[in-house]
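Please read the following report alongside the sequence and the coordinates. It begins with confidence, continues with the overall fold, and ends with a single histidine.

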Amino acid sequence: MQQRYATNPAQIPGMTTADLREQYLVPGVFVPGEITVVYTHHDRIVLGGAVPAGRELVLPGYPEIRSDYFLEHREVGIINVGGAGTVTADGEVHTLVKGACLYLGRGIRDVVFADADAGDGSGGGAQFYLFSAPAHTAYPAALVSPGEGTVRELGDQVTSNRRTLNQYIHENGVKSCQIVMGVTTLHEGSMWNTMPAHTHDRRTECYLYFDLPDDARVIHLLGEREETRHLVVADRQAIISPSWSLHSGVGTAAYSFIWAMAGENQAFDDMDAAPVTTLK
């Protein structure tokens, strides 16, 4: 388990590009045959990936979280961004096609990731994205198929940010202690994932960019509105966005991204706008 310690806005002006990437970019989320996890001290979030690559992967307990098993004191949201796969939770098998979301609550001991049966037409092996936060109580496991969450159409083609947002884990959907999670897909010809940008001092948010062509990139904005910086992000790379940082991005092609948050509340619209005219 890699650890990332918390940062504050005063550090941003003195950071080099390498410093920013080391603190906020998670490049190697998906490694075939492995579970990779990063622990950020911002709201004690754990994010990572599980790529079975033809074998079963068991989610372990980690010394860094001082638990006998991973979900002893935590909950997790899982979204598959690859071919069809299965997640077995205490013996119950959940099949996730690409874009499906599974919530697992506190107290589940055994979590196993695997590819679905060969010949399912999925076009490749499963790639599970994991987002976990501390949990104070147990909520039941829940599986949501693509398109079955709360769907919101946002943006406009005129401003190059027409997008379909699918809310999975949220206050009016799948119940959780802290996690708010979903998938947004940009329409063809749209590249901005949100603008104007915003912050929400009450939650840390993490992005996973995916379905981005190999020769394309997302320019991800971060920092305070009067001290912005950027990161150049490739397909299936993740960003950690502290509560004080704005988070907005524009791609050289259309893409999708998983957004996930944890912190003080679960109100999706609890945000503080950063109009483009205030950015520097």
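## Confidence

In this predicted model, the protein chain has an average pLDDT of 91, and 96% of the residues reach a score of at least 70. The exception to note is the stretch of residues 119-123, where the pLDDT is below 50 and where the model shows three contacts beyond near neighbours in sequence. Where pLDDT is low, the predicted coordinates should not be read in detail.

## Overall fold

The secondary structure of the protein chain consists of one helix and 23 strands. With a radius of gyration of 18 Å, close to the 19 Å that the globule rule gives for 280 residues, the protein chain is as compact as a globular protein of that length; its C-alpha trace spans about 55 × 40 × 35 Å along the principal axes.

Among the contacts with a separation of 6 or more, 72% join residues that lie 24 or more positions apart. Of the 280 residues, 52% count as buried.

## Surface and charge

The protein chain exposes about 11,700 Å², of which carbon and sulfur atoms supply 49%. There are 20 positive and 33 negative charges, and their mean positions are 4 Å apart.

## The surroundings of His247

His247 sits in the loop between strand S20 (237-241) and strand S21 (248-251), and it counts as buried because its relative accessibility is 1%, where the cut-off is under 20%. Leaving aside neighbours within four places in sequence, His247 is in contact with several residues, including His198, His200, Glu205, Tyr207 and His220. Thr278 lies 31 residues from His247 in sequence, and the C-alpha to C-alpha distance between them is 14 Å.

Methods: Residues numbered from 1 in each chain as written. Predicted model: local features only at pLDDT ≥ 70, side-chain atom pairs only at ≥ 80, totals over all residues. Heavy atoms only, no water. pLDDT = per-residue confidence, 0-100. Contact = heavy atoms within 4.5 Å. Helix = DSSP H or I, 4+ residues; strand = E, 2+ residues; numbered from the N terminus. Rg over C-alpha atoms; globule rule 2.2 N^0.38 Å. Buried < 20%, exposed > 50% of the residue type's maximum accessible area, 1.4 Å probe, protein only. Areas by Shrake-Rupley, 256 points an atom, 1.4 Å probe, with all protein chains shown as cover. Lys, Arg positive; Asp, Glu negative; His and termini not counted. Charge placed at Lys NZ, Arg CZ, Asp CG, Glu CD.
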